[in-house]
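Student: I should like a close look at a single part of this structure. Please describe that part in one connected account, and then set it in its wider context.

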Amino acid sequence: MKLTEEQVRYVADLANLRLTEDETRRMANDLGAILTHIETLNELDTANVDPMAQVLYDAEETATLREDVERPGLGSEVALANAPLAGPGYFKVPRVIER
Amino acid sequence: MSLADLAALTVPEIRTGLKAGRFSAVELAQTALLHGETENPKTNAFLQFSPERAIAAARRVDEKIAGGVDPGPLAGVPIAVKDVILTKGVRTTCGSKLLANYVPPYDATAVERLETAGGVIIGKTNCDEFAMGSSNENSAFGPVHNPRALDRVPGGSSGGSAAAVAQGTAVVSLGSDTGGSIRQPASFCGVVGVTPTYGRVSRYGLTAFASSLDHIGPFGRTVRDAATLLGVIAGRDPLDSTSAVAPVPDYTAHLDGNVRGMKIGLPREYFAELSSESGDLIARGVEKLKRLGCDVSDISLPTTKYAISCYYIICTAEASSNLARFDGARYTMRSTSAETLSDMYRRTRGEGFGAECKRRIMLGTYVLSAGYYDAYYLKAQRVRTLIARDYANAFGEVDAIVAPVSPFPAFRLGEKIDDPMAMYLSDIYTITGDLAGIPCMSVPCGNTAEGLPVGMQILANHFNETGMFRLADAFERAGGFQG
């Protein structure tokens, strides 16, 4: 399986990832090799097999629900402490709406 | 206490030593911190030490002992924590440049439980960026050097946690495993590493890589130490809805060395591509188990050869979603050259993530993109069912499965870094356990002629950690760790 650089740029766009020209070339190569290996899955007939999204165990239907009890949150000051740029009670990002 | 004394200590010995007043928890913590600082220029196992937190926790233990209060099952035990697990107030980087300055506002549930049990967290360990890698070479802060052979990798992604225990700084440590990231470094460094049943330990506060596969688990120098640590961190947590609603047995209660009549399966498919030295050591380990009275037979796990493909679709798909949160708005780093919002996302992620993370985000985005979902992601989920079914069938016949951990012992730094496919293939024997969600572990089974440790893997059915530990402990008692 071969991936074109144009396809790589399209996927990088979906992933919100900026790649350099070098990275794009290398990515086409690496992903191509991995996708070729992955093609072996087509040897398996899985038409009548259910997909497994999660490891599940037997438990009552509501077993994973917790009591609806109030507990203190972090508070906005602590929650914003790691923001690269913050205002009072919010994360600051570059302007998205023009006045 | 001398540094050499510390490096040989076990959890029960610490308990006895503290009770008898031979040393204090504070003295132990200070020795461990000094040991770590001394070794770190050689191995780079730690990204950060946490002396303030360690001394405060140790002081609480000493006060409890002085007051005649039970200080807990891990009282005074120096513990290292992988840097993908959040520690309140102690920098947590996930091995990524993107989080170089991130200080979490809360503790992971596992961390909280460790400290409640008297554990002393001495620092955060190096790892592959966001736990993605098999050699620890994907850390933004330099690779870890294997303490047993400094020119070799420690394995990954929990390389620092394995090395911290192997070099004697930490008595036990926490790692995380998504496709073998605990067992493989344990085997490379010659220590015990445990991946519990999926959901056995809360993932709250573990930075998400592939949520349906991620586990937190322990490293130790003995089976009993690792089992003790697991007993402390296991159990239902309302903050993780995937944590299992099942009681936690005392994992140390049945470590009596008696495994007579235990049925053990050797999966044919796991012994095909093994380097001869690793194969010989595991064969010798199996002979030991037979002498202990285990009933050993060949079994088949026919879907094994498709596991790598299945795993690298599912884990990258989940990773591409999980890592979307690193957007330049919330987690410390933002590209300085960004002028628009979309530019901020793209540039921050382009500058912040390393090569392997980018590769996995790209592969995951590709397999989930319009037109490919059925062919890749859904197909992989169906194959995952077949892999889980292989194990369910096997555990109808046997109590435990014994297999290699890695096709080869620790390789040289730089040896595989330019060939991602070769690196992925080295996970062949560990990923199936994660896909099925069963408990599995690595125990040392001797060294190659060059002195490189080899690990033997033990796998058991869901929630049968007790049987797995019993077999591993019997193997250790029989001298199996020495080969």
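**Helix 16 of chain B and its surroundings**

Tutor: Helix 16 of chain B is followed by Gly479(B), a residue with a positive phi, near 80°. The model is a predicted one, and the account below should be read accordingly.

The helix itself covers residues 465–477 of chain B, 13 residues in total. From its first C-alpha to its last it reaches 18 Å, close to the 18 Å expected at 1.5 Å a residue. Of these 13 residues, 10 are buried, so helix 16 of chain B is largely enclosed by the rest of the structure. The count for a buried residue is 20 or more other C-beta atoms within 10 Å of its own. The buried residues include Met468(B), Phe469(B), Leu471(B), Ala472(B), Ala474(B) and Phe475(B). Residues with charged side chains also appear among them: Glu465(B), Arg470(B), Asp473(B) and Glu476(B).

The cover over these buried residues comes from both helices and strands. It includes helix 8 (223–233) and helix 9 (276–291) of chain B, together with strand 9 (400–404), strand 10 and strand 11 of chain B.

Two of these covering elements are partners of one another. Strand 10 of chain B pairs with strand 11 (residues 453–460) of chain B in the antiparallel sense, over 6 bridges. Within this pairing, Asn447(B) stands opposite Pro453(B) of strand 11. The two strands form a hairpin with 5 residues between them, and Gly451(B), in the turn, has a positive phi of about 90°.

Strand 10 (residues 440–447) of chain B is itself mostly covered, with 7 of its 8 residues buried. This strand also pairs with strand 5 (residues 192–195) of chain B, again in the antiparallel sense, over 3 bridges. There, Ser442(B) in strand 10 is the bridge partner of Gly193(B).

For the wider context, chain B is in contact with chain A: 55 residues of chain B meet 44 residues of chain A. On the chain A side, helix 1 (5–14), helix 2 (21–38) and helix 3 (76–79) each give two or more residues, and helix 2 gives the most, with 8. That side of chain A divides into 32 nonpolar, 7 polar and 5 charged residues.

Chain A has 3 helices and 2 strands, in the order α-α-α-β-β from the N terminus. Its radius of gyration is 23 Å, well over the 13 Å that the globule rule gives for 99 residues, so chain A is more spread out than a compact globule. Buried residues make up 16% of the 99 residues in chain A.

Terms used: Residues are numbered from 1 along each chain as its sequence is written. Chains are lettered from A and ligands numbered from 1 in the order in which they are written. This is a predicted model: local features need pLDDT of at least 70, side-chain atom pairs count only at pLDDT 80 or more; totals for chains, interfaces and linings use all residues. Two residues are in contact if their C-beta atoms, placed from the backbone, lie within 7 Å. Helices (H or I, at least four residues) and strands (E, at least two) are DSSP runs, numbered from the N terminus. The radius of gyration is taken over C-alpha atoms; the globule rule is 2.2 Å times the number of residues to the power 0.38. A residue is buried if 20 or more other C-beta atoms lie within 10 Å of its own, exposed if 12 or fewer, and partly exposed in between; C-beta atoms are placed from the backbone. Two strands pair if DSSP finds at least two bridges between them. The expected span of a helix is 1.5 Å times one less than its number of residues.
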